[in-house]
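Here's a quick briefing to read alongside the model. Have the sequence and the 3D view open, and we'll go through it topic by topic.

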Amino acid sequence: MTEPETNRGRTRSGAAITDELVERWAREAEAGYEPERLRPRGRPSMGSGPATSTPVRLDPELRAAVEQRAERDGTTISDVIRDALRHHLDEAS
């Protein structure tokens, strides 16, 4: 009878991380990686420099409207807010 595998969690796709999988990853790492095949880490840059996060409070109706617009446009809430802010600033100039 074989011993049960140690619970090592799951991958992003939900697959169990087994001893066999860990050994395969170790062999791959020991063989070396080609840097151009590795995925870049972190968020893509925005504009001329690193972006900052700015919390904004929205009333429930405005939040719902932003969510609906993002869903309708197939984009994110952040993109809708950035676009609205840019438009407002362009109009104010």
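A quick word on vocabulary before we start: a residue is buried under 20% relative accessible area, exposed over 50%, and partly exposed in between. Arg69, at 40% relative accessibility, therefore counts as partly exposed. Keep in mind that this is a predicted model. The points below cover the pockets, a surface patch, the salt bridges and a couple of exposed spots.

**Largest pocket**

- Start with the largest pocket, which has a volume of about 780 Å³.
- Its lining counts 20 residues, and those closest to the centre are Thr52, Thr54, Ser78, Ile81 and Arg82.
- Two helices, α2 (60-73) and α3 (77-92), each put at least two residues into that lining.
- Helix α3 gives the largest share, with eight residues.
- Sorted by class, the lining of this pocket comes out as 13 nonpolar, four polar and three charged residues.

**Second largest pocket**

- Next comes the second largest pocket, at about 620 Å³.
- Here 13 residues do the lining, and Tyr33, Arg37, Leu38, Arg39 and Arg41 sit closest to the centre.
- The class mix for the second largest pocket is four nonpolar, three polar and six charged residues.

**A nonpolar patch on the surface**

- Val56, Leu58, Leu62 and Ile81 make up a nonpolar surface patch, and together they have about 320 Å² of accessible area.
- Ile81 also turns up among the residues closest to the centre of the largest pocket.
- Leu62 is the patch member to look for in helix α2.
- With a relative accessible area of 41%, Leu62 falls between the 20% and 50% cut-offs, so it is partly exposed.

**Salt bridges**

- How many salt bridges does a search of the whole structure find? The count is six.
- As background, side chains of opposite charge can pair when their charged atoms come close.
- In helix α2, the side chains of Glu67 and Arg63 form one salt bridge, at 2.7 Å from N to O.
- Glu67 and Arg63 are four residues apart in α2, which means about one helical turn lies between them.
- Both ends of that pair are partly exposed: Glu67 has 35% relative accessibility, and Arg63 has 37%.
- Asp73 pairs with Arg69, with the closest N and O atoms 2.8 Å apart.
- The spacing is again four residues within α2, so Asp73 and Arg69 are separated by about one helical turn.
- Asp73, at 42% relative accessibility, is partly exposed, and its partner Arg69 is partly exposed at 40%.
- Over in α3, the side chains of Asp79 and Arg82 meet in a salt bridge at 2.5 Å, N to O.
- Asp79 and Arg82 are three residues apart in helix α3, so about one helical turn separates them.
- Asp79 counts as partly exposed at 28% relative accessibility, and Arg82 is partly exposed with a relative accessible area of 28%.
- Which residues do salt bridges with shared partners join into one network? They are Arg69, Arg72 and Asp73.
- Arg82 has a place in two of these topics: it is one of the residues closest to the centre of the largest pocket, and its side chain bridges to Asp79.

**Exposed spots and long spans**

- Is Gly74 buried or exposed? With a relative accessible area of 69%, which is over the 50% cut-off, Gly74 is exposed.
- Gly74 belongs to the loop between α2 and α3.
- Measuring from C-alpha to C-alpha, Gly74 and Ser45 are 21 Å apart in space, with their positions 29 residues apart in sequence.
- Ala31 is part of helix α1 (residues 19-31).
- Ala31 has a relative accessible area of 68%, so it is exposed too.
- Ala31 and Arg69 are 38 residues apart along the chain, and their C-alpha atoms are separated by 48 Å.

Definitions and conventions:
Residues numbered from 1 in each chain as written. Predicted model: local features only at pLDDT ≥ 70, side-chain atom pairs only at ≥ 80, totals over all residues. Heavy atoms only, no water. 1 Å grid on protein atoms, 1.4 Å probe; cavity = no way out; pocket = protein on both sides within 12 Å on 5 of 7 lines; lining within 4 Å. Points joined across faces, edges and corners; volume = space filled by probe spheres on them. Nonpolar A, V, L, I, M, F, W, Y, C, P; charged D, E, K, R; others polar. Patch = residues over 30% accessible without salt bridge, like charges linked within 9 Å, V, L, I, M, F, W, Y side chains within 5 Å. Areas by Shrake-Rupley, 256 points an atom, 1.4 Å probe, with all protein chains shown as cover. Salt bridge = Lys/Arg side-chain N within 4 Å of Asp/Glu carboxyl O. Buried < 20%, exposed > 50% of the residue type's maximum accessible area, 1.4 Å probe, protein only.
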